[in-house]
Structure formats: C-alpha cells, structure tokens
Amino acid sequence: MHIHIEGSLEPELMFEIAGRNGIALKYASVEEARRAYDFADLQSFLDVYYEATRVLLHERDFYDLTWAYLNKASAQGVRHAEIFFDPQAHTDRGVAFETVVTGIRRALIDGERRLGISSHLILCFLRHLSAEEAMETLRQALPYRDWIVGVGLDSTEVGHPPTEFEAVFEEAGRHGFRKVAHAGEEGPPEYIWQALDDLKAVRIDHGVRCMEDPRLVERLREEQVPLTVCPLSNVKLRVFRSIDQHPLKRMLEAGLCATVNSDDPAYFGGYVADNLQAIKDGLGFTREDFRKVAENSFRASFIDEAEKERLLNELASYF
Ligand code: HPA
Ligand code: ZN
C-alpha cells in the first residue's frame with residue numbers, strides 16, 4: 001500500500017529507457033548510480049528521485065516501469081498492490097497525464113492477467129507544489145476516475161502541512177476517491193492530526209512519529225487507522241539510525257494497525273519481502289508478528305469486502 005511506482009525504477013531500466021529516449025544521465029554507469037543512493041534525509045533522496053523520472057517520456061516507459069515492478073513484487077509473493085504515482089513529476093516536464101496513466105494502467109491489467117496480482121492506483125499530489133496545482137491535477141484525473149481508487153499526498157513534508165491541501169482533498173472526496181496522506185515521516189505528529197481531521201485521510205503513510213504523542217497513539221489505536229510503515233526507507237532516509245532502533249515492534253505492541261511496505265524499493269534496499277526480512281533480523285519479528293502485519297495489510301487495503309474476507313481466510317489457513 002505504500003509503493004511509489006517511480007521509486008521502483010531500478011538503475012538498469014533507467015539506463016535502458018534513457019538510452020532509447022536519448023536522455024543524458026549524470027551517472028556513467030549502473031554501479032555509479034547505485035553508489036549515489038546514499039541519502040542524508042528525505043529531500044536529498046527526492047532530488048535524485050525526480051532527476052531519474054526525467055527518463056520517463058512515453059507510454060511504453062510507464063508500462064515498462066510498472067511491469068518490472070509487478071514482476072519483482074510477484075516474485076516476492078505479493079498478491080495485491082496499491083500503487084502511488086506522481087503525475088506532477090511528469091506533467092511538469094510536458095508529459096501528458098494520459099500518457100502516464102495509460103502506460104501504468106496497461107501494465108496493471110497485464111499484471112492481473114499474467115501474474116495474478118490485483119492492484120489499485122493512488123494519485124499523489126506533490127506537496128512542495130501549490131494547492132492550486134494539486135486541484136488542476138485532480139481535474140486532469142477526472143476522465144480516468146475509474147482507474148484511480150484514491151488520492152494521496154507526498155514529496156517534501158516539513159514546511160508543507162496537510163491542511164494546505166484541505167480543499168483539494170474535499171473535492172476528491174466528492175468524486176469518490178479514497179484519501180490517504182504521507183504524514184509523520186519527517187514531519188511532526190501535528191501533521192498526522194491534520195491528515196486525519198482536515199484531509200479526512202483513512203490511512204496514514206509512514207506515521208512513525210505518532211509515537212511521540214500518546215494522545216495520537218490512543219486515537220490511532222481506537223480507530224484502527226492503518227499506518228503504512230516502511231522500515232528500510234526510514235533507515236535509508238535517517239529517520240531512525242538502524243533497523244533495531246525502528247519503532248515498528250512497539251507500534252504493534254501499542255495495538256496500532258501497522259503494515260510493512262517498501263516505499264521506493266529501487267532506492268532503499270529492497271522490495272516488501274526484503275523489508276520483512278530486515279525486521280526479522282533487526283527487530284526479532286516472530287511468526288505471530290508477521291501474521292499480524294499481513295492481516296493488518298489486507299484489512300487496511302481498498303480491496304472490496306467479499307474479496308478481502310476471502311484473502312483473510314486464505315491467510316488464516318496459511319498460518
Ligand atoms: N516520502 C515522501 N515523498 C515521497 C517518498 C517518501 O518516502 N517517496 C516518493 N515520494
Ligand atoms: Zn512514500
């Protein structure tokens with residue numbers, strides 16, 4: 001539920017697409033690109049991430065990106081993915097919204113047919129851009145309403161509080177989009193309150209800084225608001241020093257509906273199973289902990305209720 005499709009662009013595919021599109025990269029090789037993936041914070045990552053998205057121009061590029069992700073996810077046992085995309089990272093460069101969404105959509109259909117992965121697409125607004133630009137992006141999305149399950153909010157968090165996007169989230173709600181928002185990754189617990197109260201977000205992406213605010217933990221527990229936690233991301237972006245410092249285990253112990261996600265797997269050291277392995281090694285996750293996060297994930301998803309029950313039953317019988 002927390003995977004940015006642009007963040008699944010592996011350097012090999014980035015070079016291949018750059019080559020066929022005649023785009024010069026600032027790295028001499030795949031190895032040099034990988035070596036540059038050493039980040040001080042969220043912004044230093046975003047600079048590299050937006051730079052890499054420049055190679056994506058044509059529908060085929062968005063198809064190939066998404067198809068590569070689905071193959072990786074499938075190989076790691078993923079059955080259902082709710083995938084973010086950042087249209088403004090492309091429309092700001094002159095790529096049409098239609099090109100982006102059509103390429104991704106075609107791959108998602110093939111993923112369902114050929115790999116058996118179901119999926120939903122979530123449009124994220126870039127919070128370092130204005131609320132007006134977010135509203136314009138929502139307008140561009142309306143012809144594709146049936147392809148997009150919800151809206152989210154990502155990019156530079158600190159200095160860009162959720163409340164600034166209240167009107168666009170309200171408008172998205174009128175069109176039936178589900179609402180999620182990144183909050184409490186680098187930003188303070190106050191941003192999580194705003195995402196809940198002002199944006200009416202039904203899931204919080206990251207949310208790890210909730211642990212600094214006992215009243216907020218109580219609210220999140222009481223309402224079982226899902227949190228899409230990304231352990232390897234948090235270490236790569238230095239939210240926590242190492243996996244063994246990560247609060248995920250404490251979040252589960254506090255009764256929170258925490259899930260495990262990969263965020264930007266090409267940049268942060270792996271896909272969802274790599275994150276699961278990391279919390280097994282670093283936080284001592286047990287079989288019961290894994291059962292709980294898997295159950296939380298299906299409960300938190302936007303899968304329709306009948307299918308959700310079927311998957312939860314399958315999960316229960318597996319364990
Ligand atoms: N946080 C905020 N914005 C993002 C991220 C992230 O981890 N990845 C891509 N855009
Ligand atoms: Zn994210």
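By class, the lining of the largest pocket in this predicted model splits into 20 nonpolar, 9 polar and 5 charged residues. For this count Ala, Val, Leu, Ile, Met, Phe, Trp, Tyr, Cys and Pro are nonpolar, Asp, Glu, Lys and Arg are charged, and the others, Gly among them, are polar. The pocket itself comes in at about 990 Å³, and of its 34 lining residues Gly77, Val78, Leu276, Ala294 and Phe298 sit closest to the centre. H15 chips in the largest share of the lining, 6 residues. At least two residues each come from helix H4 (59-75), strand E2 (80-85), helix H14 (272-283), helix H15 (287-300) and helix H16 (305-318). Helices (H or I, at least four residues) and strands (E, at least two) are DSSP runs, numbered from the N terminus.

As for how the pockets were found: on a 1 Å grid over the protein atoms alone, a pocket is an open set of points with protein on both sides within 12 Å along at least five of seven lines, a cavity is a set where a 1.4 Å probe fits but cannot get out, and lining residues have an atom within 4 Å of a point. Grid points are joined across faces, edges and corners, and a volume is the space filled by probe spheres set on the points.

The second largest pocket has a volume of about 280 Å³. Its lining counts 17 residues, and those closest to the centre are His80, Glu112, Ser118, Ser119 and His120. Helix H6 (97-115) and strand E3 (118-126) are the elements that give two or more residues to this lining, which breaks down into 8 nonpolar, 4 polar and 5 charged residues.

There is also 1 cavity of 30 Å³ or more, with about 100 Å³ of space in it. Among its 15 lining residues, His4, Leu42, Leu46, Ser155 and His182 are closest to the centre. Helix H3 (residues 42-53) gives the most to that lining, 5 residues, and the class split is 6 nonpolar, 4 polar and 5 charged.

His4 and His182 turn up again at the zinc ion (ligand 2), which is coordinated by His2 (NE2), His4 (NE2), His182 (NE2) and Asp263 (OD) at 2.0 to 2.2 Å. Donors are N, O and S atoms within 2.8 Å of the metal (3.2 Å for Na, K and Ca), and water is not among the atoms, so sites may look incomplete. The 4 donor atoms subtend angles of 81 to 172°, so the arrangement is irregular. Four donors would count as tetrahedral with all angles between 85 and 135 degrees; four count as square planar, and six as octahedral, if opposite donors are over 155 degrees apart and all others between 65 and 115, and anything else is irregular. Along the sequence the donor spacing reads H-x1-H-x177-H-x80-D. His4, in strand E1 (residues 3-4), and Asp263, in the loop between strand E8 (258-260) and helix H13 (265-268), are 259 residues apart and link distant parts of the chain. Both are buried (under 20% relative accessible area; exposed is over 50%, partly exposed in between, with a 1.4 Å probe and protein chains only).

In helix H10 (residues 214-222), the buried residues are Leu216, Val217 and Leu220. Down the axis of H10 they fall within an arc of 100°, so they line one face of the helix; the arc is that of the directions from the helix axis to the C-beta atoms. Pro214, Arg215 and Glu222 are exposed on the other side.

Residues are numbered from 1 along each chain as its sequence is written, while chains are lettered from A and ligands numbered from 1 in the order in which they are written. Local features need pLDDT of at least 70 and side-chain atom pairs count only at pLDDT 80 or more, whereas totals for chains, interfaces and linings use all residues, and side-chain values use heavy atoms, with hydrogens and water left out.
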